[in-house]
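Biologist: Hey, I've never looked at this one before. Could you pull it up and walk me through it?

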Amino acid sequence: MKRKLFFSFLLTVGGCSNYYPLPVAKPSQYDVEKQSQLNKCAKDSKQCESSNDTNSERKNLAKQKILPEIPQTYTNMLSFALAYRDVWHEKYLKLVSQTYVTSEIGFLGTLTALIAGVSGATTTAWVGGGVAAGTVLVPERYQYSVQIYNYKSAAETAQCIYSALELLDVKVVEYMSDTDFAREIGQYEYRKMQDVTYALENKQAAVSLMTPDLTAFQQMIGKGKNTTAGPHIQGAKSPEELYKENMQESKQKIIDAINLCTAAVSGK
């Protein structure tokens, strides 16, 4: 009976610790809406949803695993970035914790082998020693640290995009009320996040590190310096023309900031 329990423990460990590069974790529309609701609740406790109907709807949405929609508003853009950040950061933390679990299992396996050897149970001693040896080799074989680093880099990219949007000037945020303006920024954010996801999938499959694109990074830094050098000559432009011009400049700055985030961290 004890031997059966021990083998059950080994199967459980094997099922919980898959060291092959798995399909990349991605958020769903449920994760985006959850972030949006948390934001509303943080600003106003009356906005905190607690009805059973709402919770049931969210659970159904979570089960369906519908892909995130393209953000159409400023609030959705923030929730979109946070959803990716949290999913990837959670995966990063799980992988880190699994490396510690692996080390503990290796130690326990060795201890089991020693105890069994002293008691004369040679079969158990052999199995226990096998667990210890296997767990030492597995993380190195599949470069666990590389997978951990890549998820951390992806999460930092999403956090950077969130910060770039969250720290916008009030005037720029006002432009977001323009449907076309918000749609373009939302579409660009969505596209760049898909680029990062694609890069993460490729790097995880190849077990290679995500690296920054330093050339693109330097070019964008130089571009930022050039665009901020010297005042604009307004001439005899109408208020409407100036408004559109400022809006276009603000849009480009947001796009540049998003590009800076993805190039500096993940190289996309």
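Biologist: How many disulfides does a search of the whole structure find?
Modeller: The search turns up one disulfide, a disulfide being a pair of cysteine sulfur atoms within 2.5 Å. Cys-160 and Cys-261 make it, with their sulfur atoms 2.0 Å apart. Before we go on, this is a predicted model: local features need pLDDT of at least 70, side-chain atom pairs count only at pLDDT 80 or more, and totals for chains, interfaces and linings use all residues. Residues are numbered from 1 along each chain as its sequence is written, and side-chain values use heavy atoms, with hydrogens and water left out.

Biologist: Got it. Is that disulfide of Cys-160 and Cys-261 left-handed or right-handed, and why?
Modeller: Left-handed, because the torsion about the S-S bond is about -70°.

Biologist: And where do Cys-160 and Cys-261 lie?
Modeller: Cys-160 is in helix H6 (residues 144-166) and Cys-261 is in helix H10 (residues 239-265), so the pair ties together parts that are 101 residues apart in sequence. Helices here are DSSP runs of H or I with at least four residues, strands are runs of E with at least two, and both are numbered from the N terminus.

Biologist: Is Cys-261 buried or exposed?
Modeller: Cys-261 counts as buried, at 3% relative accessibility. Cys-160 is partly exposed, with a relative accessible area of 28%. The cut-offs: buried means under 20% relative accessible area, exposed over 50%, and partly exposed in between, using a 1.4 Å probe and protein chains only.

Biologist: Let's stay in H10 for a sec. Which residues is Ile-254 in contact with, leaving aside its neighbours within four places in sequence?
Modeller: Ile-254, which sits in helix H10, is in contact with Leu-165, Leu-168, Val-172, Met-176, Phe-181 and Ile-185 once those neighbours are left aside. Contact means heavy atoms within 4.5 Å. Take Leu-165: Ile-254 is 89 residues away from it in sequence, but 7.4 Å away in space, C-alpha to C-alpha. Ile-254 is also buried, at a relative accessible area of 4%.

Biologist: What about the protein chain as a whole, how many helices and strands?
Modeller: It has 10 helices and zero strands. Reading from the N terminus, the elements go α-α-α-α-α-α-α-α-α-α. Buried residues are 35% of the 268 residues in the chain. Among the chain's contacts with a separation of 6 or more, 85% come from residues 24 or more positions apart.

Biologist: New topic: salt bridges. How many does a search of the whole structure find?
Modeller: Eight salt bridges, where a salt bridge is a side-chain nitrogen of Lys or Arg within 4 Å of a carboxyl oxygen of Asp or Glu. One of them joins Glu-201 and Lys-26, at 2.8 Å from N to O. That pair links distant parts of the chain: Glu-201 is in helix H8 (residues 179-206), Lys-26 is in the loop between helix H1 (2-16) and H2, and they are 175 residues apart. Glu-201 is partly exposed at 28% relative accessibility, and Lys-26 is partly exposed at 43%.

Biologist: Any others you can show me?
Modeller: Sure. Arg-183 forms a salt bridge with Asp-180, their closest N and O atoms being 2.8 Å apart. Both lie in helix H8, three residues apart, about one turn of the helix. Then there's Lys-244 with Glu-240, at 3.5 Å from N to O. Those two are in helix H10, four residues apart, again about one turn. Lys-244 is exposed at 53% relative accessibility, and Glu-240 is exposed too, at 52%.

Biologist: Last thing, pockets. What volume does the second largest pocket have?
Modeller: About 290 Å³. A pocket is an open set of points on a 1 Å grid over the protein atoms alone, where a 1.4 Å probe fits, with protein on both sides within 12 Å along at least five of seven lines; lining residues have an atom within 4 Å of a point. Points are joined across faces, edges and corners, and the volume is the space filled by probe spheres set on them.

Biologist: Which residues line the second largest pocket?
Modeller: The lining includes Lys-26, which we met in the salt bridge with Glu-201, along with Pro-27, Asp-31, Val-87 and Lys-94. Helix H2 (29-43) and helix H4 (74-119) are the elements giving two or more residues to that lining. H4 has the largest share, six residues.

Biologist: And how do the residues of that lining divide?
Modeller: Four nonpolar, one polar and seven charged. Here Ala, Val, Leu, Ile, Met, Phe, Trp, Tyr, Cys and Pro count as nonpolar, Asp, Glu, Lys and Arg as charged, and the others, Gly among them, as polar.
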